[in-house]
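Dear colleague,

Please find the structure below, followed by a short account of what was found in it.

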Amino acid sequence: MKLVTRRQWGARSARSQAGYLASTRGVKVHYTGSYVDPRLADDHGRCAAMMRQIQNGHMDGNGWNDIGYSFAVCPHRYVYEGRGLHALPAANGPGLNTGHYAVLGMVGNKGLVTPTDDMLHGIRDAIEHVRAKGGAGGEVKGHRDGYSTDCPGAKLYAWVKRGAPRPKGGGTPPKPPAPPEDVLEILFNAGIRKPLTVPPGGRVSVPWEAEYADPSNVHGGGPSWTPKAKEWALVTLGTVVDGQAAGEKLKHVLAEYEKGGSARVKDHFGEDKIGDGTRVEYTLSGLMWLRDDRGYRVDLVNEGARPVTVTKAHLRVAR
Ligand SMILES: [Zn+2]
Ligand SMILES: [Zn+2]
């Protein structure tokens, strides 16, 4: 389970400790009951902020001691810790909180209304987590079961009525960041086939073992590529990074090396990408003057204290 702790999503402290919950009959599934920004579906960077917004609404609007849910699940299968295990939730309605944990799927009645397969997997992950660690029984119900509300909405409720099954196919992988649309000619387009780990203090060249387009054969294999002639090119890099602790720095650098060698001549341009403790998608794009007697690489420099894993990387060089 991809758990995001309260500290990781920036939760406020509860005003007072929730009542102890030794066991429950099961779980009740919820939705927000309001508008959810559809951009959430493609941008995991928005999900922690959504949690903070929900918590503020529950504490400042409803006057509750804390966020009302036990756990909440974003479209990307991350399970956010709300009140957590063995804590009385508030979201099920008066008198109904001792019977069930409350698990939110981050969809609403307007905007983003359809749960992704990853969200259903995540809710299922949360259900199995409270069964294994939180004394929850086997029931899976909707908020509307026993309480007057349309929550958790038609789609999640239909899924609950089917027994909240895992979707087939293991869920959709997160999309790599899309480079901008344009009418340029592609020189080189590549990605990685397996996750790349950058140790603390390490500098790693992205290997580009997945070649999507290389029409003029600028890539001989390995991390370097060399154009056939001197020219300007638009270089666009996208990465998806896991395990980058909040505030830690992973530099993305477009670097020039000796042709056919591993001696670095200089760094062209780059950006310091700062982690927020969750999966982060980064993009970097710029014009670069390329020489036909150099090798060019993308280097990742981990200036943080822990290893960082790059699960996706995509490079496009175009003129
Ligand atoms: Zn509800
Ligand atoms: Zn997310």
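The zinc ion (ligand 2) is held by four protein donors, His44 (ND1), Cys47 (SG), Cys74 (SG) and His76 (ND1), at 2.0 to 2.3 Å; donors are N, O and S atoms within 2.8 Å of the metal (3.2 Å for Na, K and Ca), and water is not among the atoms, so sites may look incomplete. This is a predicted model, in which local features need pLDDT of at least 70, side-chain atom pairs count only at pLDDT 80 or more, and totals for chains, interfaces and linings use all residues. Residues are numbered from 1 along each chain as its sequence is written, chains are lettered from A and ligands numbered from 1 in the order in which they are written, and side-chain values use heavy atoms, without hydrogens and water.

The arrangement around the zinc ion (ligand 2) is tetrahedral because the four donor atoms subtend angles of 104 to 114° (the criterion for four donors is that all angles lie between 85 and 135 degrees). The spacing of the donor residues in sequence is H-x2-C-x26-C-x1-H. Both Cys74 and His76 are buried (under 20% relative accessible area, 1.4 Å probe, protein chains only).

According to the unreviewed UniProt entry, the annotation "domain: Peptidoglycan recognition protein family" covers residues 1-147; such annotations may be inferred rather than shown by experiment. Residues 1-147 are 24% helix and 23% strand (DSSP runs of H or I, at least four residues, and of E, at least two, numbered from the N terminus).

With kind regards

Terms used. Tetrahedral: all angles 85-135°; square planar, octahedral: opposite > 155°, others 65-115°. Buried < 20%, exposed > 50% of the residue type's maximum accessible area, 1.4 Å probe, protein only.
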